[in-house]
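Good morning, colleagues. Please take a moment with the sequence and the structure before I begin.

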Amino acid sequence: MIEITSVSNNKCKYIKLLSQKKSRQKYGEYITEGKKSVSDAINAGKMIIGLYISDSFFSNEEFLYTEEIPVYKLADNVFEKICDTQTPQGILAVLRMDNTRDFIPDISKNYIYCDCVNDPGNLGTIIRTADAAGFGGVLLSEGCADPYSPKTVRSSMGSFFHIDIVTDLNSDVLNKLKEIGFSLIAGALDENTADYREIDMRGPVVIAVGNEANGISTEIRQICQCVKIPILGKAESLNVGVAAAILMYETVRQET
């Protein structure tokens, strides 16, 4: 175990760099904070480059350290300065990004497609819900929030490590999914929009949700059956994470 007492240490500077997307992409590494998230990453067999723990965490928490993973113990005030959260739990991991692989759909599974969802917290919530609902994966268009953002990983509450996340997929991929038997359903207003409860949403299905400000693009709407979630009060719209959850669990309800 290596002790670090200064925020000017190169390891601390590197962790701060990984809060930026360009650095994550450059080095192929990212961070996750918190005991549950780190444990989930280890249990999922993710490649851990290093564990960083605070003095307080080391003194008060039981955690399984292995010889294969370098461990760095930081003074509490130093640890707080390298974290993305306001109230850090005292443990952080640096991980290697998963190798990019081709998307091979499973016709027995459902998927959620995010069309330019740009808030990392919303994306993390969608990942968490997709995992809970038993979906086969989360598909991201170009222009989505970075799934490796600390806020995305944290908001997923560990689900980030349990479900496939595929990036940079366009409408061509959705059309191919449609050709092999997937229904495409989008939460959007269009000429043929129907109440989501009136549509057959039994799988295999791909549910599409859109950008927080602009919704789903015209290109995606044109190849999907559009559905709406009734707004009974004076709210203008639902948060995209909430809308995604309602639609995903409607597929669960119809299939059970």
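**From a surface patch to the cores**

Let me begin at the surface, where Ile231, Leu238 and Val242 make a nonpolar patch of about 210 Å². Please keep in mind that this is a predicted model. Of the residues in the patch, I would single out Leu238, which is in the loop that runs between strand E12 (225-228) and helix H10 (240-255). Is leucine 238 buried or exposed? The relative accessible area of leucine 238 is 37%, so it counts as partly exposed.

I turn next to helix H10, in which glutamate 250 lies. Glutamate 250 has a relative accessibility of 5% and is therefore classed as buried. If residues up to four places away in sequence are set aside, glutamate 250 touches Tyr196, Arg197 and Met201.

Now to the interior. The largest nonpolar core has 47 residues, and those touching the most other members are Ile112, Cys114, Ile126 and Met248. Several elements give two or more residues to this core, including helix H3 (35-43), strand E6 (111-115), helix H6 (120-132) and strand E11 (205-210). Which element gives the most to this core? That element is H10, with five residues.

Cysteine 114 deserves a separate word. Outside its neighbours within four places in sequence, cysteine 114 is in contact with Leu123, Ile126, Val138, Leu139, Leu140, Ser141, Cys144 and Val209. Another core lies apart from the largest one; it has 18 residues, among them Tyr113, Leu139, Ile216 and Cys226.

Thank you for your attention.

Notes. Residues numbered from 1 in each chain as written. Predicted model: local features only at pLDDT ≥ 70, side-chain atom pairs only at ≥ 80, totals over all residues. Heavy atoms only, no water. Patch = residues over 30% accessible without salt bridge, like charges linked within 9 Å, V, L, I, M, F, W, Y side chains within 5 Å. Areas by Shrake-Rupley, 256 points an atom, 1.4 Å probe, with all protein chains shown as cover. Salt bridge = Lys/Arg side-chain N within 4 Å of Asp/Glu carboxyl O. Helix = DSSP H or I, 4+ residues; strand = E, 2+ residues; numbered from the N terminus. Buried < 20%, exposed > 50% of the residue type's maximum accessible area, 1.4 Å probe, protein only. Contact = heavy atoms within 4.5 Å. Core = buried A, V, L, I, M, F, W, Y, C linked by side-chain atoms within 4.5 Å.
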